[in-house]
Amino acid sequence: MTATAASPEVRAALRGQQIEVPSWAYGNSGTRFKVFAQPGVPRTPEEKIADAAQVHAYTGIAPIVSLHIPWDRVEDYAKLAAHAADLGVRIGAINANVFQDDDYRLGSVTNPDPRIRRKALDHLLECVDIMDATGSRDLKLWFSDGTNYPGQDDIRARQDRLAEALAATYQRIGEHQRILLEYKLFEPAFYVTDVPDWGTAYAHCLKLGERAQVVIDTGHHAPGTNIEFIVAFLLREGRLGAFDFNSRFYADDDLMVGAADPFQLFRIMHEIVRADALRVESGVNFMLDQCHNIEPKIPGQIRSVLNVQEATAKALLVDADALAAAQAAGDVLGANAVLMDAYNTDVRPLLREIRTEQGLDPDPMAAYARSGYAGKIAADRVGGQQAGWGA
Ligand code: LRH
Ligand code: MN
């Protein structure tokens, strides 16, 4: 089937897709070896949001920007939300940061020292205050907490401390708000990470309540992990809150989603479509969490959003009836072929058509390049402190 023969339902689903971009993708980022500064990098949260709005302007499907505190700390968060609205986007998840303070060397909410645990909890609660001001639904929690050597601390006691802080935070969030708990196999801890895998995150969320959901960061698994199984399982349990999309060849490389493994992204989106979880109402938040260490950042984000859109279009073109029939018949090769047909379908003509229908340029990358925005911000944004991870 050619993509352009796609049904009105498929086209509507693609027009309704919403992707959330991370403010920190527009700032300088790198590795412990080097952070390469780039011309025109934003200096303020306002400028980060302006750059994020460019991605939405050209793709039409990225109307939400995640913030990270304190990287995006401002005096007036309601004013920042109004600034975002003026630019045609809105503020999404608020990311807490308890991984960059000297006090957190031995952990934040899991630290043996109750004074430090209190300090970390206070930051989480401050982030909920910010959500109240920005109108955000999601508090995203990733803890770098862990240990580097056997015996360094008590594994079980750290889980008790974590559960205590999560319960206190869950107590504070409003009824329209959620906790999104993110797991990660390792780094910066290299022996035990206190939330290392989906099972640990899921178990803590079950203890907390309905408004605690799991975040799947696609770079946070052991090599060879079948991520779409985790997606299918958590969807079935109603506990998949969000994705942090990126891709990797080795570890938490935070490369552009779909760049390293477009087939994996397709398989993930297939499980999403199969569960009818692409709709905004499904509550699954499709976020990017990436670092453009060497490539230009706004085009990198546009390319990433297009990669998710293309994988989604291919997943929407899976002939579900033929697949179900082949699966029921035990037709292994037939079933696999149905999925591969969709994956091997060139969906770019369909997406160009849909953008044209939406009044967008059919080629967002070329349209952004022609806009001259990159040159303008490089000329305008001279002086001041370029944004980064501030580590
Ligand atoms: C941790 C992580 C987390 C964010 C950070 C920017 O690796 O994925 O989601 O807080 O990256
Ligand atoms: Mn992440």
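User: Which polar contact does the side chain of Asp244 make with ligand 1?

Analyst: A polar contact is a pair of N or O atoms within 3.5 Å; here an N or O atom in the side chain of Asp244 is 3.0 Å from an oxygen atom of ligand 1. An oxygen atom of ligand 1 also lies 2.6 Å from an N or O atom in the side chain of Glu182, and a polar side-chain atom of Lys184 is 3.1 Å from an oxygen atom of ligand 1. This is a predicted model, in which local features need pLDDT of at least 70 and side-chain atom pairs count only at pLDDT 80 or more. Residues are numbered from 1 along each chain as its sequence is written, ligands are numbered from 1 in the order in which they are written, and hydrogens and water are left out.

User: Which residues are the protein donors of the manganese ion (ligand 2)?

Analyst: Donors are N, O and S atoms within 2.8 Å of the metal (3.2 Å for Na, K and Ca); for the manganese ion (ligand 2) the protein supplies Glu182 (OE), Asp217 (OD), Asp244 (OD) and Asp289 (OD), at 2.1 to 2.2 Å.

User: Why is the arrangement around the manganese ion (ligand 2) octahedral?

Analyst: Six donors count as octahedral if opposite donors are over 155 degrees apart and all others between 65 and 115; the six donor atoms here subtend angles of 73 to 169°, which makes the arrangement octahedral.

User: Are Glu182 and Asp244 buried or exposed?

Analyst: Buried means under 20% relative accessible area, exposed over 50% (1.4 Å probe, protein chains only), and both Glu182 and Asp244 are buried.

Key. Four donors count as tetrahedral if all angles lie between 85 and 135 degrees; four count as square planar and six as octahedral if opposite donors are over 155 degrees apart and all others between 65 and 115; anything else is irregular. A polar contact is a pair of N or O atoms within 3.5 Å; within protein, one must be able to donate a hydrogen and the other to accept it, and residues adjacent in sequence count only if both atoms are side-chain atoms.
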